[in-house]
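This briefing covers aromatic side chains and the charges placed over them. The structure comes first, then the notes by topic.

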Protein chains: 4
Amino acid sequence: MNLGVIGCGYWGPNLVRNFNTLGGCTVLGVSDLREERLKFIGDLYPNIEILTTDCNEILRHKQIDAIVIATPVSTHFALGMKALESSKHVLMEKPMTATTEQAEALIETAERKNLVLMVDHTFIYTGAVRKIKDIITSGDLGELYYFDSVRVNLGMFQHDVNVIWDLAPHDVYIMDHLLDKTPRAISSTGVAHFDSEIENIAYISVRYDNNLIGHIHVNWLAPVKVRKTLICGSKKMIVYDDVEPSEKVKVYDKGVAYIQNREEVYDILVQYRTGDMTAPHVELTEALNRVAREFVAAVSEGRSALSDGHAGYRAVRILEAANNSLRQGGKVITL
Amino acid sequence: MNLGVIGCGYWGPNLVRNFNTLGGCTVLGVSDLREERLKFIGDLYPNIEILTTDCNEILRHKQIDAIVIATPVSTHFALGMKALESSKHVLMEKPMTATTEQAEALIETAERKNLVLMVDHTFIYTGAVRKIKDIITSGDLGELYYFDSVRVNLGMFQHDVNVIWDLAPHDVYIMDHLLDKTPRAISSTGVAHFDSEIENIAYISVRYDNNLIGHIHVNWLAPVKVRKTLICGSKKMIVYDDVEPSEKVKVYDKGVAYIQNREEVYDILVQYRTGDMTAPHVELTEALNRVAREFVAAVSEGRSALSDGHAGYRAVRILEAANNSLRQGGKVITL
Amino acid sequence: MNLGVIGCGYWGPNLVRNFNTLGGCTVLGVSDLREERLKFIGDLYPNIEILTTDCNEILRHKQIDAIVIATPVSTHFALGMKALESSKHVLMEKPMTATTEQAEALIETAERKNLVLMVDHTFIYTGAVRKIKDIITSGDLGELYYFDSVRVNLGMFQHDVNVIWDLAPHDVYIMDHLLDKTPRAISSTGVAHFDSEIENIAYISVRYDNNLIGHIHVNWLAPVKVRKTLICGSKKMIVYDDVEPSEKVKVYDKGVAYIQNREEVYDILVQYRTGDMTAPHVELTEALNRVAREFVAAVSEGRSALSDGHAGYRAVRILEAANNSLRQGGKVITL
Amino acid sequence: MNLGVIGCGYWGPNLVRNFNTLGGCTVLGVSDLREERLKFIGDLYPNIEILTTDCNEILRHKQIDAIVIATPVSTHFALGMKALESSKHVLMEKPMTATTEQAEALIETAERKNLVLMVDHTFIYTGAVRKIKDIITSGDLGELYYFDSVRVNLGMFQHDVNVIWDLAPHDVYIMDHLLDKTPRAISSTGVAHFDSEIENIAYISVRYDNNLIGHIHVNWLAPVKVRKTLICGSKKMIVYDDVEPSEKVKVYDKGVAYIQNREEVYDILVQYRTGDMTAPHVELTEALNRVAREFVAAVSEGRSALSDGHAGYRAVRILEAANNSLRQGGKVITL
């Protein structure tokens with residue numbers, strides 16, 4: 001399987017490196033508008049045949065089977081559509097597209113042409129999130145109550161997208177993957193402290209059925225780096241702290257039982273339960289390696305990838321609604 | 001100065017203890033509906049003359065100059081009004097009242113009768129918050145950008161008020177005290193996981209002029225105890241962690257400079273600045289002792305207290321609007 | 001059962017409070033050389049019959065069955081011996097005595113007169129240490145490899161004993177209780193930075209059979225408070241952090257397997273094993289309450305207490321040897 | 001300046017990478033006994049001319065000006081001596097040699113032949129240790145009281161040297177660099193839990209004049225990774241935590257004043273002082289890059305390096321004495 005990579009900024013070289021370690025997989029060409037990035041990747045990987053500033057050379061290359069798109073989000077749709085129309089399988093960086101319409105069009109094209117369309121939702125391939133998914137699937141958490149995620153640090157300010165489109169995609173696709181539910185309403189508040197168009201702090205609330213709630217705080221202007229997610233169920237609660245070097249996932253055997261006295265309506269008894277905390281061993285292999293393997297496997301097995309176009313669409317839908325709410329001063333958007 | 005204390009639950013004995021340590025100040029009577037609480041406080045302080053289940057004995061006692069009200073919030077207004085009408089100075093527990101109308105009526109009565117009306121906004125009397133207030137007042141933070149507070153833990157579920165009225169008052173009055181600004185719009189989302197009327201998790205967004213934003217996360221159903229506030233300015237940023245035993249306030253000399261190239265409109269340069277972090281020494285004397293001293297001083301000097309009725313009103317106004325938003329599914333409430 | 005308490009400094013009132021909560025147990029008298037301490041305890045507990053500066057009034061009182069000695073260690077032996085000779089059961093503060101000879105004499109007297117002699121080794125009655133003891137006893141740790149304890153903070157400098165006699169008793173009796181082994185050799189280094197007789201920092205090494213080693217670092221001159229103990233076995237390892245508010249005990253399913261290739265002597269393979277970490281739920285009831293109950297139970301059941309005179313002796317033996325080594329510049333003392 | 005690197009295990013490639021980034025500096029050849037390591041480095045850096053299993057090819061190469069020795073410590077002396085005798089400047093990995101005699105012989109040869117002899121004491125080139133050195137040199141700490149370092153984690157067990165020779169070199173050379181004092185006596189205890197010759201846990205005490213004490217705990221068998229150093233002075237105290245991602249150095253304005261009442265000899269008053277804690281901004285550039293630059297600068301300027309042969313000797317002297325004490329059951333070794 002031969003790959004072409006479009007976009008060689010911060011993330012592109014990581015993709016090249018990981019695909020290169022897979023057997024039966026060759027990165028044939030890389031394109032970027034910047035000559036210096038092509039030189040950089042060429043020095044690192046002298047075997048790459050094509051280094052070009054014209055992405056069409058990659059998109060139309062006969063021997064290339066699949067395209068990896070690691071460019072700014074505003075270009076994802078056009079590049080992805082060209083690739084699919086050239087009958088290439090596509091792996092796109094997150095967020096999949098700038099609008100839900102674009103995501104739908106890509107999905108439709110990929111399905112019509114029977115091609116793999118995958119989105120690089122990296123974190124769902126980490127040992128930590130896979131462990132949490134296992135715990136939720138096993139039923140150990142019980143009924144899900146809330147998902148609360150904080151992703152803040154100083155910088156990196158983006159020039160083309162706000163903090164919702166830059167940082168929140170991670171929380172949104174992790175939330176979508178773990179909860180596996182359809183959001184009903186979204187609201188978001190945020191502020192642009194420097195550039196009136198580019199919000200640098202935002203809060204997103206997501207309502208699901210059955211009193212399940214999600215909340216995300218993303219922020220480019222915080223003095224400390226925080227990546228902390230609480231996932232609370234009726235039986236157990238999880239703290240996922242991605243900054244923690246070794247104990248990223250902590251499972252608390254804690255809960256509340258709400259016992260209503262049948263005879264006396266107003267007599268409600270709350271019982272607190274506190275048991276052990278366990279930090280399960282979490283695999284530390286690089287998530288991007290699993291992304292690369294999943295893409296190659298989906299192509300060779302002719303099946304959907306775990307983070308397929310539909311997963312990409314669902315994430316974009318939440319981001320789009322959050323952004324719409326933000327621009328309307330926090331108005332609740334019903335989905 | 002003779003005091004009467006109405007309500008002797010969790011907080012009442014702490015108030016009695018602190019007023020007792022002040023010279024020239026005597027707790028003459030305590031009332032509570034529960035005999036066992038009266039016995040408890042009587043055993044601890046045998047010198048209290050009046051222990052009664054009838055609060056009117058306290059409210060009308062000729063020798064009592066001031067009343068401390070430490071009962072559930074639903075009773076604050078009626079008790080406070082009676083006390084003021086009996087020409088007693090009043091110190092009320094937070095939140096001051098259940099509605100802004102009630103707060104206004106108490107303020108009007110106190111001002112008309114020239115009595116001190118104070119609210120026990122305990123945290124603004126802590127060494128940590130006083131230090132932060134000093135830093136903000138000195139201008140060291142620069143222009144204020146945001147206030148973000150998280151107050152979560154497991155329990156204690158209340159039977160009469162939701163988590164906004166139970167936990168958020170602290171964050172709201174600290175925010176009001178530190179920012180010293182008038183909120184313009186408030187929205188809130190939250191969920192009641194057990195009792196349909198009593199929300200146990202809530203998020204509150206508060207918009208101020210000049211792109212200042214406040215956000216509060218309160219939660220009775222979290223596996224870990226968090227009391228962490230970020231206060232960000234254009235020059236420095238503060239992390240206030242009340243769970244930290246010794247270094248509660250950390251001041252980060254960090255920031256972002258946004259430099260717009262005058263000639264090329266789209267060329268904006270973001271510069272990051274990282275300097276020292278300082279955890280200033282913070283006084284550890286009990287805040288409630290300062291509350292008691294402030295009340296006695298305000299009465300004897302015939303002046304307003306730092307946390308007077310107006311401060312109480314401002315906090316209730318935010319809580320009321322947040323609650324209204326919550327009940328309307330997150331609708332933005334303009335103030 | 002009637003008790004007399006000798007010594008009413010920092011710890012005495014805690015002992016009085018805990019014994020008072022036990023049914024069938026009355027604190028009849030308290031003695032202290034300082035009138036103000038007697039007034040303090042008398043105000044707190046008006047039912048104490050005898051408040052005296054003459055400890056003999058307590059020691060010889062006919063109705064007193066048992067004596068609690070909470071005075072400086074230099075007086076423990078004389079007071080304890082008088083109490084035993086007056087046929088009183090005795091509970092002594094740690095460390096039991098200033099020398100092993102004194103400890104032996106007290107044990108001999110108590111056994112001859114069939115009296116309970118107990119030492120207040122408080123920490124072995126905490127939920128944390130009891131949980132660790134259970135884990136070790138169950139065999140879950142495997143063969144014990146080492147015990148490493150750090151107990152450092154700023155102050156409180158003592159005027160009569162050095163940091164070994166002040167802080168190390170806790171680590172020494174916890175180590176003795178958990179390891180349940182006889183030390184073979186002890187060495188210690190330390191420095192007195194202010195007063196040439198009173199060392200304020202010390203390190204103690206304790207050698208046991210079978211390559212088991214203990215090490216203790218005690219220090220009055222550290223900028224941060226640390227109370228952290230590592231207990232390592234062949235199967236699992238424990239970190240006990242007493243400063244941690246909620247997760248004091250962490251059990252790591254980690255280890256090393258050392259596989260020697262039989263054919264090639266020099267070919268040794270080390271295999272590392274990393275599994276889950278578990279922080280078991282630990283009971284948070286006050287340890288001193290369990291101490292009081294154990295003393296009363298030992299007296300009424302006519303049995304030895306868990307921390308009896310022999311446990312006290314074993315701790316003093318290590319402290320004495322460590323102090324001797326310290327004074328000889330770190331010379332190894334064989335026991 | 002042309003370099004040859006001998007030894008291409010874990011550290012060698014890092015040395016090659018850093019020297020390659022310096023202008024005017026070329027890595028001409030690399031030798032290693034293992035073909036696969038030569039292939040590995042050759043793939044990474046195709047410009048390296050000589051890849052050989054025979055180190056003599058490097059040592060005798062006419063165009064090579066300087067040799068970097070990154071082999072096991074047992075080979076350092078022989079390789080270093082050959083390099084110096086071939087008139088090459090030498091940079092050696094830590095620890096410099098296996099014995100003080102070897103270190104002395106290398107120093108003598110280098111000085112006689114006027115060659116640079118430097119040891120890669122990496123950590124003294126980190127932003128953190130350079131900041132601490134500045135603080136000590138400025139006098140801000142006051143008189144130095146103690147240096148206490150803990151370096152523990154799980155693995156990597158070595159087959160040829162014990163934990164003292166593997167982990168303690170870092171603490172020893174940092175201590176030597178920061179204290180800048182001559183040790184007077186050393187004792188060490190430790191245990192080999194698996195291989196009778198290879199201790200995996202050790203404690204080292206180092207006595208200096210004027211009541212200054214150093215202590216090091218190194219351990220291959222701990223469940224958590226700790227790299228924490230306390231450096232205490234009469235005016236301030238430092239905690240250096242190398243595991244901390246951002247605030248590695250914390251300076252505590254804390255201390256104790258010991259006031260002896262002149263009239264009453266036994267009346268000593270201890271006063272505690274607690275001020276701000278400051279975590280100064282610490283440069284995060286790679287220390288090894290500074291090592292490489294220092295070596296090149298020392299060669300081109302014909303001067304001694306900061307971590308020259310004498311610094312290497314002083315570290316080996318402490319390690320050798322600690323090892324001797326360890327083998328004699330903790331006997332105090334006077335220097």
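In chain D, the charge of D:Arg37 sits over the face of D:Phe40, 4.7 Å from the ring centre. The model is predicted. Over all chains, a search of the whole structure gives twelve aromatic pairs; two of the pairs are described below, after the charges over rings.

**Charges over rings**
- D:Phe40 has D:Arg37 over its face, with 4.7 Å to the ring centre.
- In chain C, C:Arg151 lies over the face of C:Phe123, and the distance to the ring centre is 5.2 Å.

**An aromatic pair in chain A**
- Among the twelve aromatic pairs found over all chains is an edge-to-face one made by A:Phe19 and A:Phe295, with 6.2 Å centre to centre and 80° between the planes.
- This pair links distant parts of the chain, as A:Phe19 belongs to helix α1 (residues 12-20) and A:Phe295 to helix α9 (residues 287-301), 276 residues apart.
- Both A:Phe19 and A:Phe295 are buried.

**An aromatic pair between chains C and D**
- C:Phe194 and D:Tyr145 also form an edge-to-face pair, at 5.6 Å centre to centre with 80° between the planes.
- The pair crosses between chains: C:Phe194 is in the loop between β8 (185-191) and β9 (201-207) of chain C, while D:Tyr145 is in strand β7 (residues 144-154) of chain D.
- C:Phe194 counts as partly exposed because its relative accessibility is 23%.
- D:Tyr145 has a relative accessibility of 9% and therefore counts as buried, the cut-off for buried being under 20%.

Key: Residues numbered from 1 in each chain as written. Chains lettered and ligands numbered in written order. Predicted model: local features only at pLDDT ≥ 70, side-chain atom pairs only at ≥ 80, totals over all residues. Heavy atoms only, no water. Phe/Tyr/Trp six-rings, centres within 6.5 Å; stacked < 30°, edge-to-face > 60°. Helix = DSSP H or I, 4+ residues; strand = E, 2+ residues; numbered from the N terminus. Buried < 20%, exposed > 50% of the residue type's maximum accessible area, 1.4 Å probe, protein only. Lys NZ or Arg CZ within 6 Å of the ring centre and 35° of its normal.
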